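I am keeping these notes while going through one model. Each entry records what I looked up and what came back.

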Amino acid sequence: MMRQYELVERVQQYKPDANEALLNKAYVYAMQKHGQQKRASGDPYISHPLEVAAILTEMHLDESTIAVALLHDTIEDTSATRAEIDELFGEDIGRLVEGLTKIKKLDLVSKKAKQAENLRKLLLAISDDVRVLLVKLADRLHNMRTLDHMSAEKRARISEETMDIYAPLAGRMGMQDMREELEELSFCHINPEAFETVTKRLEELSRRNEGLIKKIEDELTDLLEANGLTGASVKGRQKKAYSVFRKMQSKSLSFEQLSDVYGFRIIVETVPACYQALGIVHSRWRVVPGRFKDYISTPKQNDYRSIHTTIVGPSRQRIELQIRTRRMHEIAEYGIAAHTLYKDGQTPSLSDPDNPGRESNAYSWLRQTIEQLSVGDSPEEFLEHTKLELFQDQVFCFTPKGKLIALPRGATTIDFAYAVHTNIGDTTVGAKINGRIMPLVTRLANGDEVEIIRSGVQVPPAAWEEIVVTGKARAAIRRATRMAIRKQYAGLGNRILERTFERAGKIFSRDLMRPALHRLGQKDVEDAIAAVGRGEISSLDVLRAVYPDHQDERVTVKPSPDEGWFHMNSATGMAFRLPGQSKGDGGVEAGVAPIRGLSGALEVRFASNGAVPGDRIVGIMDENREGITIYPIQASALQKFDDEPERWIDVRWDLDWANKTRFCARVLVNAINEPGTLAKVAQAIATQDVNIRTLSMVRVAIDFTEMAIDLEVWDLRQLNQMIAHLKELECIATIKRVFD
C-alpha cells in the first residue's frame, strides 16, 4: 500500500508547488474515516482510494483532484458528511465528492427507470465538472484490476457495465490507454474462453517473432536519422487480446488472416516533422492502399491528432504506424486530462492545446450532447434511445433549423431521417447534404447539415434495412416493410377473388365478406384478402364462405402420376406438364386439363430463377394469351404487371405423388476467400442431394468472394435444409436465395 509521503512526492514530481498540506489532510482524513474497513480481498479499504489517487497522478492531475480521489468514498461508506468536507476542504472539493457519491451505484441490472436515472446523473455530473469523470474512471479502473475477489456473477455484471459505459466513455474523452485496459480487463471476465484462446495465440506469435519488434524499431530509427530527422523516438508493441478479438469479429477473420498485429508510434517534435517522417517511411516501404488517415489536419472529435498509415515494412511484415508530436502523444494517451488547466482558487477549465482560450472539443461535445439528451424524455426513453448510441464513435449533424442529431459513425441520411421522426424516415426519397443533393446511402460526417426530401407516396424499401446502422431506423423499416408486403398480398388477393367470383357469376365485395369472416378464421376483411394473396386461403374457399349454396359445376381431370402431370390450380383446374418431360411439348392440352375461357394448347414456363414446389406462385398470362409464366410471389418482376390484373392467374402446387423432377433455384453465397472454400461449398451441397447447374464467382473484397449458384432441387424443404447446412460452414459469411 502506498504511503502518505510517496503520494505527495508523486504529485510534486510534475507540480513542484503542489499544496502539500491539502494532500496530507485528505490522506489523514480518509485514513481515519475508513478505519478498519476491509475490501473483498482482505486489504485495508484505504488502499482503494490511495490507488485511485495514484492512477490520477499518472495523468499529472492537480492536488485538488487527487484529494477528491482520496475522499471519494467517504460520504458513501463512512460517517463523513458533505458539510464536514466543505468545512475542512472547501465547497469545491465537497461538491465533487458529493457528485461522485450520487452516481456511485450505476447498476445495469437494476430496474430500467432507476438505471436510466443513474445514467442521467452520471452524465449531468460530468458535464458540470470533468474531474468527476476522471476520478470515476480511475475508481472503475482500480476496481477492475482487483475484480478477481468477487463472485463470478458479480464479475460478469461489473465487466459488462464497464464495457458498455465506462470504456467507451474513456475513449470518447480521448483516454485511449485507459479505454484499452478497461476493455482488456472486462474481456477476460465476460468471455474468458475467448480471452484465453487469443492470449495464447498472441504469446505463441510473440515467441515465434522474438526480437521482431526491436528489429523494426531499430530499422525505423536508423532510417529517420539517415534522412536527417534526428530526435525521433520509435516505440512498437503487439496489439492487446481484446483489440485482436474485436477485429476478428467485425471483419469475420481467423487469427491467421490478421496481418497487422503489430503497431508502431513515431514521436517527433513538430508538425512539419510528422509529414517529413511520413515521406521518409513511404519512400522506403510500400504503403497498403486505403489505410492512410490524416488526423492532424482533421482531428477527431475527442481532440485526437495523429497520422495513421500501414506499410509492408521490414521482414515484409505488415505494420501500422502512428506519427505524432509529443504534445499529440500526451493527448492521445491521457485525453481530456492532458490539457486540463487548474489555477489556484479558480474553477477548472478545459483548454484546446492549440487554442488555449477555447474549450477542448471532447469536453465541449460532451456538454452539448448531454444538454440535448437531458431535456424532454422520460427516463425510460432517455435510456432506450441514447445509452447505446451515446458511447459509440459518433458523428453530429444538424437539421436546416439547427437541431443537433447525434448518430453512430457510418450513419447515412436514412438514419438521420429516422432520428428526426419515424414518419419522416418512412417518406424519405432524397436528401441534401450541405445544400447539395446526395445519394441516400451517403455516410454523414461531423457538422453536415442535412435536409430531407419527402414524398407522400413513398414506402421504405426492405433493402434499406441492410444500409442503416441505427436500431431505431431498422425497426421502423421492418415495420413499414411488413405493412407494404401485407398491402401487396392484399392487392394480389383482391385480383384473384374478383376473377374467381366473376367466373362463378357472383358479385364480389368487402361488405359481403364480413359475415363470412368467422368461417375463414380471419379477424377482418383485409387480413382475409391478404391470406388469399399469400396462398393461405384458396379463392374458392372464400367463394363458398360468402355463397354457401354455390355449386361448382366444373369437373377437374387430374392426370395420373405415370403421365407426369402436375395439377396446379384448384380454382381453374389448370394442369401442365413440366418442361423437359417426354410427352407433348411441355404445354397444357385443353382436352386433358381445360382452362375456363381459353382454348387450344397453353405453354407454361418458369421465370429466370425458377420456382420450387412449396413456393407461393403466381401465373402471368402472355400478351398473346398463348402461354403462362410462373413466378414465385417474392419476385420483384411481378411489379411490372401491377396495372394488368387481367393477366394474373391463381396457380398453386398440388403434388400428390412422388416428385420425379428437379426445379431450379438460385442462391447468393458470400464466402471467405481462402483455399478450399469452393470445395467445401460444393461438398456441402452434394451431401444434401442437390445438384449444381451453374456457378459464377466474383471477388467483392480482398477477403470475400460472392458466388451465384443455380441449383436443382426437389422442393422448398430440401432447398431450405441445404441453405441451413451451408450456413453452418465457417467459411460462409452470408447466404440468401434470390428470385430475380
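Is Leu543 buried or exposed? I looked it up and found a relative accessibility of 1%, so Leu543 counts as buried. The cut-off for that label is under 20% relative accessible area. I note here that the model is predicted.

**Entry: around Leu543**

I placed Leu543 in helix α25, which covers residues 539–546. I then listed its contacts, leaving out residues up to four places away in sequence: Thr500, Phe501, Ala504, Lys506 and His550. I also took one C-alpha distance, from Leu543 to Phe508, and got 8.7 Å for two residues 35 apart along the chain.

Lys506, one of the residues that Leu543 touches, came up again in the search for charges over rings. Its charged end sits over the ring of Tyr547, 5.1 Å from the ring centre. I recorded another case of this kind at Lys25, whose charged end sits over the ring of Phe89 at 5.8 Å from the centre.

**Entry: whole chain**

I stepped back to the totals. The protein chain has 740 residues, and 49% of them count as buried. I counted 27 helices and 25 strands. The accessible surface comes to about 36,000 Å², and carbon and sulfur atoms hold 48% of that.

I also checked how far apart in sequence the contacting residues are. Among contacts with a separation of 6 or more, 64% are between residues 24 or more positions apart.

**Entry: Glu183 and the aromatic cluster**

Which helix holds Glu183? It is α11, residues 176–190. I had the accessibility computed for this acidic side chain's residue: Glu183 has a relative accessible area of 5% and is therefore buried. Beyond its neighbours within four places in sequence, Glu183 is in contact with Met163, Ala167, Tyr242 and Arg246.

Tyr242 led me on to the rings. It belongs to one aromatic cluster together with Phe187, Phe195 and Phe245. A search of the whole structure returned seven aromatic pairs. One of them is Phe187 with Phe195, an edge-to-face pair with 5.7 Å between centres and 80° between planes.

I compared the burial of these two partners. Phe187 is buried at a relative accessible area of 3%, whereas Phe195 is partly exposed at 23%.

**Entry: the sheet of β22 to β25**

I traced an open sheet of four strands, ordered β23-β24-β22-β25, with antiparallel pairing. Why do β23 and β25 stand at the edges? Each of them, β23 at 691–699 and β25 at 732–738, has a single partner strand, so one side of each is left without a neighbour in the sheet. Direction ignored, neighbouring strands of this sheet are turned by 20° against each other on average.

I looked at one pairing in detail. Strand β22, residues 663–672, is joined to β25 by six bridges, and the two run antiparallel. Within that region, Arg666 stands opposite Val738 of β25.

I then asked what packs on this sheet. Helix α26, residues 677–687, does so and touches β22, β23, β24 (704–713) and β25. The direction of α26 makes about 20° with that of β24.

**Entry: the sheet of β12 to β14**

I found an open sheet of three strands in the order β13-β12-β14, with antiparallel pairing. The edge strands β13 and β14 each pair on one side only. Neighbouring strands here are turned by 35° against each other on average, direction ignored. Helix α19, residues 413–420, packs on this sheet and touches β12 and β14. Its direction makes about 85° with that of β14.

I went through the pairings of β12 next. Five bridges join β12 (residues 428–433) to β14 (residues 450–454) in antiparallel fashion, and Gly430 stands opposite Ile453 of β14. Three bridges join β12 to β13 (residues 436–438), also antiparallel, with Lys432 opposite Ile437 of β13.

Last, I checked the turn. The hairpin of β12 and β13 has two residues between the strands, and Asn434 takes a positive phi near 55° there.

Key:
Residues numbered from 1 in each chain as written. Predicted model: local features only at pLDDT ≥ 70, side-chain atom pairs only at ≥ 80, totals over all residues. Heavy atoms only, no water. Buried < 20%, exposed > 50% of the residue type's maximum accessible area, 1.4 Å probe, protein only. Contact = heavy atoms within 4.5 Å. Areas by Shrake-Rupley, 256 points an atom, 1.4 Å probe, with all protein chains shown as cover. Phe/Tyr/Trp six-rings, centres within 6.5 Å; stacked < 30°, edge-to-face > 60°. Lys NZ or Arg CZ within 6 Å of the ring centre and 35° of its normal. Pairing = 2+ DSSP bridges. Axes fitted to C-alpha atoms, helices over the stretch in contact; angles between N-to-C directions.
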